[in-house]
Amino acid sequence: MTPMLTMEDVHGAYGPSEAVHGVNLHIDEGEVVCIVGRNGAGKTSTFRCIVQDMIRVTKGSVRFKGQELAGLPPHRVVQMGIGYVPEDRRVFPTLSVMENLIVPRPMGSGKAKYWTIQKVFELFPPLEEFKSRLAGNLSGGQQQMLSIARSLLIDPVLLLLDEPHEGLAPLVAREVVNAIRHLKSTGVSLLLSEQHLHLVKDTADRIYVVDRGITVFDGTMEQFEQDPEIAKKYLMVVRQES
Ligand code: ATP
């Protein structure tokens, strides 16, 4: 079976400065894959290499269902069925929750839409409760729900979630974990980045560790846990001696 998404020896640069120095990963249909790494390891930049946002792929290939994505405009990538929830969430703060949800347009593929506003309200009940509230007045957790809901309304086959639990209170983070589990059951492929592995431990099928812009580990959660040296080497905070 051909993977849904493949990144082969991907390098990416912000202007003259290269930040991704060789990322190799793949995602199969229906898989949940998690990228982990320290702050600044290159998780966000890896997502940007997929959605062609801000960074320029300078070497290697990023293929989605066999089609090269490098060099495409970001809106084309979305139209192909890739949803992206960036770390900064990007909701429209001066529009209401409902208005934020009306903005995404269907792909026009002719297929019946799976995700409707009613379905995203069922996934995230607080959005229905606060549907008239300005998005800028929502809590961080509610904004995260709105951002995920917006990206679902394009009916993605692959959804990228960049640190979806970042900055959320434990209870709200748990709600997002449950929503991700539900998404997995709908068959959508998911690529997420996470600093707190325990939150995705039961959901992720495989993980990649990224360090200094390079993928340095690929395996199941079980394989990762069998080798504590990997976490020690690549995930623990390095203390600078003063
Ligand atoms: P974090 O968890 O802190 O978001 P990350 O693993 O997502 O970290 P990136 O944000 O991808 O890491 O950063 C990887 C490298 O790219 C860092 O050296 C960072 O300084 C650099 N970088 C990120 N964004 C930009 C940008 N817009 N312009 C230039 N360099 C950038």
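## Starting at Thr215

In which strand is Thr215 found? Thr215 belongs to strand S10, which covers residues 214-219. Before going further, keep in mind that what you're looking at is a predicted model.

Is Thr215 buried or exposed? Thr215 counts as buried because its relative accessible area is 16%, and the cut-off for being buried is under 20%. Its side chain reaches the backbone nitrogen of Asn24, at 2.9 Å. Asn24 also turns up among the residues Thr215 is in contact with, once you leave aside neighbours within four places in sequence. The others on that list are Gly22, Val23, Tyr208, Val209 and Val210.

## Around the ligand

Now for the ligand. It has 15 residues around it, and the closest are Gly40, Lys43, Thr44, Ser45 and Glu163. A backbone N or O atom of Gly40 lies 2.7 Å from an oxygen atom of the ligand. Ala41 also brings in a backbone N or O atom, this one 3.1 Å from an oxygen atom of the ligand. With Tyr14, the side chain does the job: one of its N or O atoms is 3.5 Å from a nitrogen atom of the ligand. On its own the ligand would expose 630 Å², and the protein buries 62% of that.

## Helix H1 and what follows

Which helix gives the most to the shell around the ligand? That's H1, made of residues 43-51, which supplies four residues. H1 is mostly covered, with nine of its nine residues buried. If you want to find them in the structure, look for Lys43, Thr44, Ser45, Thr46, Phe47, Arg48, Cys49, Ile50 and Val51. Lys43, Thr44 and Ser45 are also among the residues closest to the ligand.

Step just past H1 and you land on Gln52. Gln52 sits in the loop that runs between H1 and strand S4 (56-64). Its phi is near 60 degrees, a positive value in a residue other than glycine. Gln52 counts as buried because its relative accessibility is 10%.

## Helix H6 and what follows

Further along the chain, Gly141 has its place in helix H6, residues 140-152. Gly141 is buried, since its relative accessible area is 6%. Setting aside residues up to four places away in sequence, Gly141 touches Leu168 and Val172. What about the spacing between Gly141 and Ala169? They are 28 residues apart in sequence, while their C-alpha atoms are 7.8 Å apart in space.

The loop between H6 and strand S7 (158-162) is home to Asp155. Asp155 isn't a glycine, yet it has a positive phi of about 55 degrees. Is Asp155 buried or partly exposed? Asp155 is partly exposed because its relative accessible area is 21%, and buried would mean under 20%.

## Rings and a charge

A last stop is the aromatic side chains. How many aromatic pairs does the structure hold? It holds three. There's also a charge over a ring to look for: the charged end of Lys119 sits over the ring of Tyr114, 4.2 Å from the centre of that ring.

Methods. Residues are numbered from 1 along each chain as its sequence is written. This is a predicted model: local features need pLDDT of at least 70, side-chain atom pairs count only at pLDDT 80 or more; totals for chains, interfaces and linings use all residues. Side-chain values use heavy atoms; hydrogens and water are left out. Helices (H or I, at least four residues) and strands (E, at least two) are DSSP runs, numbered from the N terminus. Buried means under 20% relative accessible area, exposed over 50%, partly exposed in between (1.4 Å probe, protein chains only). A polar contact is a pair of N or O atoms within 3.5 Å; within protein, one must be able to donate a hydrogen and the other to accept it, and residues adjacent in sequence count only if both atoms are side-chain atoms. Contact means heavy atoms within 4.5 Å. Rings of Phe, Tyr and Trp (its six-membered ring) pair if their centres lie within 6.5 Å; planes under 30 degrees apart count as stacked, over 60 as edge-to-face and the rest as tilted. A charge sits over a ring if NZ of Lys or CZ of Arg is within 6 Å of the ring centre and within 35 degrees of the ring normal. A residue is near a molecule or strand if one of its heavy atoms lies within 4 Å of it. Accessible areas come from the Shrake-Rupley method with a 1.4 Å probe; for residues, only the protein chains shown count as cover.
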